[in-house]
Amino acid sequence: MSDKATLEINGQKNEFAIIKGTENELAIDISSLRSASGGAITLDPGYKNTGSCESGITFLDGEKGILRYRGYSIEELAEKADFLEVAYALIFGNLPNAEQLHKFHSDIKTHSVVDDDVKKILDAFPKAAHPMGVLSSLTSALTAFNPSSVNVDSEEDMYNSVVRILGKFPILVAWTMRKKKGLPLYYGDSSLGYVENVLKMMFKQPHEEKYIQNPILVNALDKLLILHADHEQNCSTSTVRIVGSSHAGLFASLSAGISALWGPLHGGANQAVLEMLEAIKEDGGDTKKYMAKAKDKSDPFRLMGFGHRVYKNFDPRAKIIKVAADEVLGDLGIQDPILDIAKGLEQEALKDDYFVKRKLYPNVDFYSGIIYRAMGIPTEMFTVMFALGRLPGWIAQWREMRLRKEPIGRPRQLYIGETERSFIPIKKR
Ligand code: ACO
């Protein structure tokens, strides 16, 4: 096979190098297209065929349902690793040894405080504020309390900024939920593991002397965070990279990523799934009616939690999380009519021509909300939990982008507006 691609524009042939990734993926390097072709660009709305970078963090094959972080399969990581190990591997490239992991965790604990003035900012939000808006604002506000910018040429500086945000972010997550529930804010417990600490910070009640950990919930949350930890160049990650490419700081880039994640077509889907299931229940539980709505092109309704931009056979995360959802509900003895509706929809969609033809399968968010609900997390907090899991991925992608000294992200466009025309004074219009 030739390692060149030829493109003929107006009779002029241009050759472009074909680059192969380590998993034999092919890319046509069109970085010289404009200069070689006299200004032509490629047009690819939604970037469905456009690679924005070379990356060594996450590999996924949507056709085969493969997802690997730094070469480790998601199935193996979900079964054998814990979230902090996965975070370390994503950010720094390899799994940590015992000493590195211990240091990583203890450095994170050292930074597990936020300035008291952040509480005042949180207090100023109305109780009804959406937690994603609050989280994005508080993350951005951290910049004000940590004003020195990261020297990306210093490994030490980079490391310190990583442990700083990994220490502070779970506090913001927990406080956002406590604010929503009207509970007093509570700092963590440095004797606990990362995930146990998150749960305690979120759920410890004022009257409780001791918060008792439920190992089933710890395990389920650990898995959920691992499964959400990275997903290569999705909408929020691309946002983090593009904001960071202007050399805006890490916290500002993360805050932008949180906003991108919020939308129902991305991370907001887990909230949207639960709201959809609730609505179907309220409407009598007729799943067939909603299947028909989802297929009706004149109806904007979509089956939330179904379909994925890259997974066109199955979402490997959904497989793992489905098992975890059954475990959690079984162990907690929860009988949830919402779950029956979810199962009904899934069964119908999997054998429905419309869904099969378009390769629409349940994605990770179809099940994650069911677990969060069983854990007692309010629906509006689901996407915040997703953000907590995605944090190491965003950091890893930001770090990679800065270390590779990538140029500022700045797509081109094809202008389809008016051609030049003269200004007409208002009296004559
Ligand atoms: N329900 C009904 N029809 C759907 C759905 C759905 N959930 N998803 C896609 N389709 C249909 C589209 O109408 C389109 O049909 P057409 O070819 O007849 O026009 C076809 O399937 C392809 O859909 P696109 O929107 O072109 O696919 P795209 O890759 O752009 O979108 C997306 C993927 C956004 C995830 C979409 O499937 C969707 O909206 N799903 C529901 C929201 C959701 O669950 N998002 C979470 C994604 S996972 C995550 O971010 C963690």
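This is a tutorial dialogue on reading a ligand site, a helix, two hairpins and two buried acidic residues in a predicted model.

User: Where should I begin with the ligand, and how many residues surround it?

Analyst: Begin with the shell and then go on to individual atom pairs. In this predicted model, 22 residues surround the ligand, and the closest are Lys-297, Arg-302, Leu-303, Gly-305 and Arg-309. By residue class, the shell around the ligand divides into ten nonpolar, five polar and seven charged residues.

User: Which protein atoms lie at polar distances from the oxygen atoms of the ligand?

Analyst: It helps to keep side-chain and backbone partners apart. Among the side chains, an N or O atom of Lys-48 is 3.4 Å from an oxygen atom of the ligand, and an N or O atom of Arg-358 is 3.0 Å from an oxygen atom of the ligand. From the backbone, an N or O atom of Gly-305 lies 2.9 Å from a ligand oxygen. As for coverage, the ligand taken alone exposes 930 Å², of which the protein buries 78%.

User: How many residues of helix α8 are buried, and what covers them?

Analyst: For a helix, count the buried positions and then ask which elements lie against them. Helix α8, residues 194–203, is mostly covered, with nine of its ten residues buried. The buried set includes Tyr-194, Met-201, Met-202 and Phe-203, and it also takes in Asn-197 and Lys-200. The cover over these buried residues includes α3 (83–92), α4 (98–110) and α7 (155–181), together with α9 (215–228), α17 (364–375) and α18 (382–403).

User: Turning to the strands, which way do the side chains of β4 and β5 point?

Analyst: Read each strand as two faces and check burial on each of them. In β4, residues 58–61, Thr-58 and Leu-60 point one way and Phe-59 and Asp-61 the other, and all are buried. In β5 the side chains alternate as well, but here Leu-67 and Tyr-69 on one face are buried, whereas Ile-66 and Arg-68 on the other face are not.

User: How many bridges join these strands, and what is found in the turns?

Analyst: Take the pairing, then the partners, then the backbone of the turn. Strands β4 and β5 (residues 66–69) run antiparallel and are joined by four bridges, with Asp-61 opposite Ile-66 and Phe-59 partnered by Arg-68. Four residues lie between the strands of this hairpin, and Gly-65 takes a positive phi near 70 degrees. Strand β5 is also joined to β6 (residues 72–73) by two bridges, again in an antiparallel arrangement, and Tyr-69 has Tyr-72 as its bridge partner. In that second hairpin two residues separate the strands, and Arg-70 in the turn has a positive phi of about 50 degrees.

User: Why is Asp-107 classed as buried?

Analyst: The class follows from a cut-off on relative accessible area. Asp-107 counts as buried because its relative accessible area is 17%, where the cut-off is under 20%. Asp-107 belongs to helix α4, and apart from neighbours within four places in sequence it is in contact with Tyr-159 and Val-163.

User: What does Glu-346 contact, and is Glu-346 buried or exposed?

Analyst: Here burial and partners should be read together. Glu-346, in helix α15 (residues 337–350), is buried, with a relative accessible area of 9%. Its side chain makes a polar contact of 3.4 Å with that of Lys-322. Leaving aside neighbours within four places in sequence, Glu-346 is in contact with Phe-306, Lys-322, Pro-362, Phe-366 and Tyr-367.

Note on methods. Residues are numbered from 1 along each chain as its sequence is written. This is a predicted model: local features need pLDDT of at least 70, side-chain atom pairs count only at pLDDT 80 or more; totals for chains, interfaces and linings use all residues. Side-chain values use heavy atoms; hydrogens and water are left out. A residue is near a molecule or strand if one of its heavy atoms lies within 4 Å of it. A polar contact is a pair of N or O atoms within 3.5 Å; within protein, one must be able to donate a hydrogen and the other to accept it, and residues adjacent in sequence count only if both atoms are side-chain atoms. Accessible areas come from the Shrake-Rupley method with a 1.4 Å probe; for residues, only the protein chains shown count as cover. Ala, Val, Leu, Ile, Met, Phe, Trp, Tyr, Cys and Pro count as nonpolar, Asp, Glu, Lys and Arg as charged, and the others, Gly among them, as polar. Buried means under 20% relative accessible area, exposed over 50%, partly exposed in between (1.4 Å probe, protein chains only). Contact means heavy atoms within 4.5 Å. Two strands pair if DSSP finds at least two bridges between them.
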